[in-house]
Amino acid sequence: SVRRVQVEFYMNENTFKERLKLFFIKNQRSSLRIRLFNFSLKLLSCLLYIIRVLLESPSQGNECWYYPLSEFSVEDSTNKRSHIFWVNRSLPLWGLQVLVALISLFETILLGYLSYKGNIWEQILRIPFILEIINAVPFVISIFWPALRNLFVPVFLNCWLAKHALENMINDLHRAIQRTQSAMFNQVLILISTLLCLIFTCICGIQHLERIGKKLNLFDSLYFCIVTFSTVGFGDVTPETWSSKLFVVAMICVALVVLPIQFEQLAYLWMERQKSGGNYSRHRAQTEKHVVLCVSSLKIDLLMDFLNEFYAHPRLQDYYVVILCPTEMDVQVRRVLQIPMWSQRVIYLQGSALKDQDLLRAKMDDAEACFILSSRCEVDRTSSDHQTILRAWAVKDFAPNCPLYVQILKPENKFHIKFADHVVCEEEFKYAMLALNCICPATSTLITLLVHTSRGQEGQQSPEQWQKTYGRCSGNEVYHITLEDSAFFAEYEGKSFTYASFHAHKKFGVCLIGVRREDNKNILLNPGPRYIMNATDVCFYINITKEENSAFKNQDQQKKSSFSRSFYHGPSRLPVHSIIASMGTVAIDLQDTSCRSASGPTLTLPTEGIKEIRRPSIAPVLEVADASSLQTCDLLSDQSEDETTPDEKMSSNLEYAKGYPPYSPYIGSSPTFCHLLHEKVPFCCLRLDKSCQHNYYEDAKAYGFKNKLIIVAAETAGNGLYNFIVPLRAYYRPKKELNPIVLLLDNPPDIHFLDAICWFPMVYYMVGSIDNQSLDDLLRCGVTFAANMVVVDKESTMSAEEDYMADAKTIVNVQTLFRLFSSLSIITELTHPANMRFMQFRAKDCYSLALSKLEKKERERGSNLAFMFRLPFAAGRVFSISMLDTLLYQSFVKDYMISITRLLLGLDTIPGSGFLCSIKITEEDLWIRTYARLYQKLCSSSGDVPIGIYRTESQKLAASESQISISVEEWEDTKDCKDQGHHRGNHRNSTSSDQSDHPLLRRKSMQWARRLSRKGPRHSGKTAEKITQQRLNLYRRSERQELAELVKNRMKHLGLSTVGYATVSSFAASRINEPFNLLFHQYEMNDHQSTLSYILINPSPDTRLELNDVVYLIRPDPLSYLPNSEPSQNNSICNATGLDSREETQL
């Protein structure tokens, strides 16, 4: 048998010295106890010295072993000197001091032995060791030599040893509890202890040296030291002996050397703390609520957007915002955070979310929420997402219960942060909004206004009526309330959703858009007329303010009695049930057609005497849906096929199918029912400008598309671009309205992206750019007959030294497109919202300058939507994805906002939930007259719920002075009076019949321009003739004609047909010889310059419908039920059309 041997393993050498070193030095807890005991001994020795001084009588002599008290007088000089070296010390006090000295000396020698490393002088010459020998050895000697018991020992110097022990004790404390206090705390503690040691040493030294002088007590010495060190110097207490004077000089010199060093270190640490931000106190975190904002770099725009949106909610006013950022605070940010409104509520901490120490400083475990934002200004957005993912993981690991609100840039990185409570993917939302902008105009503006917090006060000081209406309607937001708790919707329990939506809008002016069952987490937008409202349903509605902040005023008895005579006067007059008086919103009864104010529109029904012009009636909205009365859209069979011939219908059925895309380019994309091809297209056929063995087309014109193109200009074919294609190929889009999509990419797409888009019909790509040198690429991809041109901001432009210059290349390129192809609808994405003012820039446009002043005034009033009155933004032609940052901020208060926005944009599809679309008001639809009647018509016929209007009006502006004056002067010099009258008559007729044709040529403007032109000096003879000839040549060779000729020449060079573009240019050439008509031509070529467009979200019920209004609808999901009968084409309003749709919707 083998004998077992027990082996002991030691981490250190198994020697007595190592064991002692482990106990006294290496072990944090035992070392901390030793330091604390040593600190207590030093304080005790100082206390015993003070007791000895207090017990000593000033008149009493001092005994020594060779001078008894009876042998000399008090006045003897030798006796005076003896007062410095000898003191009176009682036996018990001597015993205590000897005991303290023995322990201190033994501990000092032991620690010196344990820390010995081969150099004995290094241990001996240390100042703490020398002070310990001075204060302890005389007491040890007095044990063996009793005559030295009254020898003076400067025990008060032990205060410096106590200071040294305190510093070591704090260090051991940090190591023992694994926690580090701030360096500021340590430095302040050292400074205070140094100052106390200086004062205590000076007090005791002055008191002892003046024993042979004034015999000062401790209090007088304290008074003298304070007066001296404070540089006051009253002079009532002064040292008399030379020794005390020398001691004061020495102490002042020491103070002048030591204290400035301490203050310098303290100031340096204070400045560093100001940069890093210090800590968020644990007490405040437990008593007050706070949220943490984690960003990689904090810019002033990002900060102000967050603060304005976060603190716009009343219940968040008491919250603190802790900003955790690894970079130093920006100068502008520092200036803003010094404002009292923010300095009391915003705390900036410089640190990293990957460090637990910094998360502890921010008290992340006690935070109500953590917002993690990506840096979109970096060139490599994938790297920025990786940093965001790591921050989210670190926060989740440190504080698992803290709600996370994460912003990600690339959709392929979403699945890494699925654990987050709320996630906003920038590219998903961006491309989905750009796609819907092409079929539902200004969808980006609509969503931006809905996710911003506003009171609807913007533009109310403006003289323009459209700005007042637009600003007031922009205050509408999405709110929620339980049906049984609501005064808006409680009476509609057991009734259909459509009935509740219509009557709530009719009675209160609120727009019910969706519901959520109590037992279901999914939100349903407009579930349709077959959905029955329950008491526990959560209702989502659009209104100026939420119901809890609304005040309801019923009609009093006096008003009822005063109007009792005319209450039912006429067949169409019914009582107004209630008025909501909150934030300027008034709900009216649409059937009440009593006289209204002159400023508002009125609803007048035809009288009985004019039966021949009576308009059709609108069916009432039923409480419970009846399948026979509901005209639904069978989008599975596609009603657009009814107008096609049998051969076309057969070919289209063979070509397209409806289903879910078989391949998704990234993980986490929501499956959407789409128009698909039966077989995927070969990759070679996806290239628009290259022929292959399957087709020989090399440009967009050769394909012969029936509908206009949608061109997307992007840098790379990222996975987010997939979300641009899906909404344009959704199953509810009729086949006849599918627009071909051309992707104009700077870099070729990869195989994975091509594999995802090859199943969609009429989707092509082309490698090219929209730069000034790339006109050929634009012409090849079909820009001359495109419906929309979508320009996506490029990642490579983020490397600009100045942040706001990141949009410079995009803005200039779009401006070039705007000049070359003035009739093209361009939708642009920018990085910074402030750069929207440069879109379609016209330096001499007075109206644009007026809008700029209005924007500044709104910003001074504290508006979060100061940029909303810029014409390109209001019309939906430009937007910035940074404006959707507020969507993430609002989710802290409204946790449903991200879900509703995704449903509106088509990013998520839930069975039974509706989708966003639009219809256009034509001349045949104007009999409906008001928005309320349209609401009723849509709800009763197809179950659609309108949420707003996109309105286009003539821009009543005046051209620049130089253009008008020159044109009018030439016209007067070259035309006779008969021609003048002819032109004036034509101008008068055009403006009176249709103001949208020539909105800039108003009669008063022309008269003003004519008078202005006559004020200038008149030339005669050859000079006048020469100037006239130069002006005529200028007109004949105008800028517009030069651009037209440039485009035509390039098209001919490329072998492209100029038929589409020649019509425009020939119109310019035919009228170029008429100088008066040149001004007409400059604005006729661009409808965007002569019109303005804006959005009315949830307008008042009595809003008049106008021609070409586009109405936003939330249409029920056609897959949720099947209609019993096929609706007729004449009464159908199911085809969602855009601005450029050729079919007219009849209501």
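Two strands pair if DSSP finds at least two bridges between them. The exercises below apply this to a predicted model.

**Exercise 1.** Determine how strands S18 and S19 are joined, and which residue stands opposite Val791.

*Solution.* Strand S18 covers residues 786-791 and strand S19 covers residues 825-830. Four bridges join these two strands, which run parallel. Within this pair, Val791 stands opposite Thr828 in S19. Helix H27 packs on the sheet and touches both S18 and S19. The direction of H27 makes about 175° with that of S19.

**Exercise 2.** Place S18 and S19 in their sheet, and identify the strands at its edges.

*Solution.* The sheet is open and has six strands, in the order S17-S16-S15-S18-S19-S20, with parallel pairing. Strand S17 (763-767) and strand S20 (878-880) each have a single partner strand, so they stand at the edges with one side lacking a neighbour in the sheet. On average, neighbouring strands of this sheet are turned by 15° against each other, direction ignored.

**Exercise 3.** Describe the span of helix H27 and state which of its residues are buried.

*Solution.* H27 comprises 13 residues, 808-820. From first C-alpha to last, the helix reaches 18 Å, close to the 18 Å expected at 1.5 Å a residue. Its buried residues are Thr810, Ile811, Asn813, Val814, Gln815, Leu817, Phe818 and Leu820.

**Exercise 4.** Decide whether His422 is buried or exposed.

*Solution.* Buried means under 20% relative accessible area. His422 has 14% relative accessibility and therefore counts as buried. This residue lies in strand S6 (residues 422-425). Leaving aside neighbours within four places in sequence, the contacts of His422 include Tyr405, Leu888 and Asp895.

Note on methods:
Residues are numbered from 1 along each chain as its sequence is written. This is a predicted model: local features need pLDDT of at least 70, side-chain atom pairs count only at pLDDT 80 or more; totals for chains, interfaces and linings use all residues. Side-chain values use heavy atoms; hydrogens and water are left out. The expected span of a helix is 1.5 Å times one less than its number of residues. Buried means under 20% relative accessible area, exposed over 50%, partly exposed in between (1.4 Å probe, protein chains only). Contact means heavy atoms within 4.5 Å. Axes are lines fitted to C-alpha atoms, for helices over the stretch in contact, and angles run from 0 to 180 degrees between N-to-C directions.
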